[in-house]
Amino acid sequence: MKCDLCNEKEASVHLTQTADGESLEIHMCEPCAAELAVDDPRGFSLAAILSALETSRRKLQNPHCTTDAES
Ligand SMILES: [Zn+2]
């Protein structure tokens, strides 16, 4: 399973947290987990991870960071 954040390395950190009644699973490689300072699965900042995930997905969708809206 690949890392959710960089989508490159193999995920070795697996976190589950329930937010707004939805169970969220996050899989990260060790470097990404270290970057987010996730060393305690019960105390990690879900907001920080979600924000990182969102940034990472935005990059994947717009790899060239184009400002042109093609719809
Ligand atoms: Zn990663």
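## The nonpolar core

Which residues make up the largest nonpolar core? In this predicted model, that core has 9 residues in all: Cys 3, Leu 5, Val 13, Ile 26, Met 28, Cys 29, Cys 32, Ala 33 and Ile 49. Two elements, strand E2 and helix H1 (30–35), each give two or more residues to this core. If you are wondering about the background, nonpolar side chains in soluble globular proteins tend to be buried together.

Try finding these residues in the structure above. For the protein as a whole, buried residues make up 14% of the 71 residues.

## The overall plan

Now let us step back and look at the whole chain. The protein has 2 helices and 2 strands, and reading along the sequence gives the pattern β-β-α-α. Among contacts between residues at least 6 apart in sequence, 34% join residues at least 24 apart.

How confident is the predictor, and where? The mean pLDDT of the protein is 77, and 70% of its residues reach 70 or more. Among the elements, H1 has the highest mean pLDDT, at 86, while helix H2 (residues 46–61) has the lowest, at 75.

## The hairpin

Next come the strands. Strand E1 (residues 13–19) and strand E2 (residues 22–28) run antiparallel, and 7 bridges join them. To follow the pairing by eye, you can start with Thr 16, which stands opposite Glu 25 in E2. Then move along to Ala 19, whose bridge partner in E2 is Glu 22.

How many residues lie between E1 and E2 in their hairpin? There are 2 residues between these strands, and Asp 20 in the turn has a positive phi of about 55°. A positive phi is worth a second look, because most residues other than glycine have a negative phi.

## The segment before E1

Another residue to look at is Asn 7, found in the segment before E1. Asn 7 has a positive phi of about 60° although it is not a glycine. Is Asn 7 buried or partly exposed? Asn 7 counts as partly exposed because it has 14 C-beta neighbours inside 10 Å, and a buried residue would need 20 or more.

Met 1 and Glu 10 also belong to this segment, as Met 1 is found before E1 and so is Glu 10. Met 1 is exposed because it has 9 other C-beta atoms within 10 Å, and Glu 10 is exposed because it has 10; the cut-off for being exposed is 12 or fewer. Leaving aside neighbours within four places in sequence, Met 1 is in contact with Glu 10, Ala 11 and His 27. With the same kind of neighbours set aside, Glu 10 touches Met 1, Lys 2 and Cys 29. Cys 29 is also one of the residues of the largest nonpolar core.

Two distances help to place these residues. The C-alpha atoms of Met 1 and Ser 12 are separated by 8.5 Å, and these residues are 11 residues apart along the chain. For Glu 10 and Met 28, which are 18 residues apart along the chain, the C-alpha atoms are separated by 7.7 Å.

## A residue in helix H2

Finally, look at Leu 53, which lies in helix H2. Is Leu 53 buried or partly exposed? Leu 53 is partly exposed because it has 15 other C-beta atoms within 10 Å, and the buried class starts at 20.

Which residues does Leu 53 contact once its neighbours within four places in sequence are left aside? Leu 53 is in contact with Asp 4 and Leu 5, and Leu 5 is one of the residues of the largest nonpolar core. Ile 26 is another member of that core. The C-alpha atoms of Leu 53 and Ile 26 are separated by 9.1 Å, with the two residues 27 residues apart along the chain.

Terms used: Residues numbered from 1 in each chain as written. Predicted model: local features only at pLDDT ≥ 70, side-chain atom pairs only at ≥ 80, totals over all residues. Pairing = 2+ DSSP bridges. Helix = DSSP H or I, 4+ residues; strand = E, 2+ residues; numbered from the N terminus. Core = buried A, V, L, I, M, F, W, Y, C linked by C-beta atoms within 7 Å. Contact = placed C-beta atoms within 7 Å. pLDDT = per-residue confidence, 0-100.
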